[in-house]
Amino acid sequence: MEPSAQSLVRSGICSIEPDAEGAIKLDIGVSMDMLTDAKEYSVDFLVIEPDSTEATIVHRRTDEFLFVVRGGLVGTVGGRQVKLPAGGYVEIRRGTPHTFTNAGPENCHLISFCVPRYDSEDVFKINDADLDSGI
């Protein structure tokens, strides 16, 4: 009996290099390697280079959970300041503006879990005027 597509096992090694083949550039100094191709959720490996900041964004359909594997981040989630050292995590509900900066001396490695799966069409950059108006 052939295994169904749902029972297949995928494995691999995350690249720790931000310019690795297959990495998706999200912003200057921010890259992502998609680890799953599931329809219902996504698990992604992100690398944020030193002194790099992800633009303030919001997802309208996606809830996101970030877990810092190595390095650390500082940021703002829904207007609240957060500091995420290695082992730190944050849950970001859909509709919540968020941004992060790697202020450390080394690349920051993190895992992003999204439900439903990450979709670049569900990433909306927010500017300060939008934040002030409550968007």
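# Notebook: a pocket and some salt bridges

I started with the lining of the second largest pocket and asked which element gives most to it; E3 has the largest share, with three residues. A reminder to myself: this is a predicted model.

**Entry 1, the pocket.** I looked up the volume of the second largest pocket and got about 230 Å³. There are 19 lining residues, and those closest to the centre are Leu 26, Glu 54, Ile 57, Tyr 118 and Val 123. Next I checked which strands take part. At least two lining residues come from each of strand E1 (24-27), strand E2 (30-34), strand E3 (42-48), E6, E10 and E11. Then I sorted the lining by class and found 11 nonpolar, three polar and five charged residues.

**Entry 2, the salt bridges.** How many salt bridges does a search of the whole structure find? I have six in my notes. I followed up some of them, beginning with Arg 61.

**Entry 3, Arg 61 and Asp 119.** These two form a salt bridge, and their closest N and O atoms are 3.0 Å apart. The partners sit in distant parts of the chain, 58 residues apart: Arg 61 is in the loop between strand E5 (57-58) and strand E6 (63-70), while Asp 119 is in the loop between strand E11 (108-115) and strand E12 (124-125). Buried or exposed, I wondered, or in between? Arg 61 has 42% relative accessibility, so I put it down as partly exposed. Asp 119 is partly exposed too, because its relative accessibility is 30%.

**Entry 4, Arg 61 again.** Arg 61 also meets Asp 122 in a salt bridge, at 4.0 Å from N to O. Why does this pair tie together separate parts of the chain? Because Arg 61 lies in the loop between E5 and E6 and Asp 122 in the loop between E11 and E12, the bridge joins parts 61 residues apart in sequence. Asp 122 has a relative accessible area of 0%, so I noted it as buried. Putting the two entries together, I have Arg 61, Asp 119 and Asp 122 linked in a network of salt bridges.

**Entry 5, Arg 94 and Asp 63.** One further pair that I looked up is Arg 94 with Asp 63, a salt bridge whose closest N and O atoms are 3.0 Å apart. Arg 94 lies in the loop between strand E9 (89-92) and strand E10 (98-102) and Asp 63 lies in strand E6, so this pair ties together parts that are 31 residues apart in sequence. With a relative accessible area of 40%, Arg 94 goes into my notes as partly exposed.

Methods: Residues are numbered from 1 along each chain as its sequence is written. This is a predicted model: local features need pLDDT of at least 70, side-chain atom pairs count only at pLDDT 80 or more; totals for chains, interfaces and linings use all residues. Side-chain values use heavy atoms; hydrogens and water are left out. A salt bridge is a side-chain nitrogen of Lys or Arg within 4 Å of a carboxyl oxygen of Asp or Glu. Helices (H or I, at least four residues) and strands (E, at least two) are DSSP runs, numbered from the N terminus. Buried means under 20% relative accessible area, exposed over 50%, partly exposed in between (1.4 Å probe, protein chains only). On a 1 Å grid over the protein atoms alone, a cavity is a set of points where a 1.4 Å probe fits but cannot get out, and a pocket is an open set with protein on both sides within 12 Å along at least five of seven lines; lining residues have an atom within 4 Å of a point. Grid points are joined across faces, edges and corners, and a volume is the space filled by probe spheres set on the points. Ala, Val, Leu, Ile, Met, Phe, Trp, Tyr, Cys and Pro count as nonpolar, Asp, Glu, Lys and Arg as charged, and the others, Gly among them, as polar.
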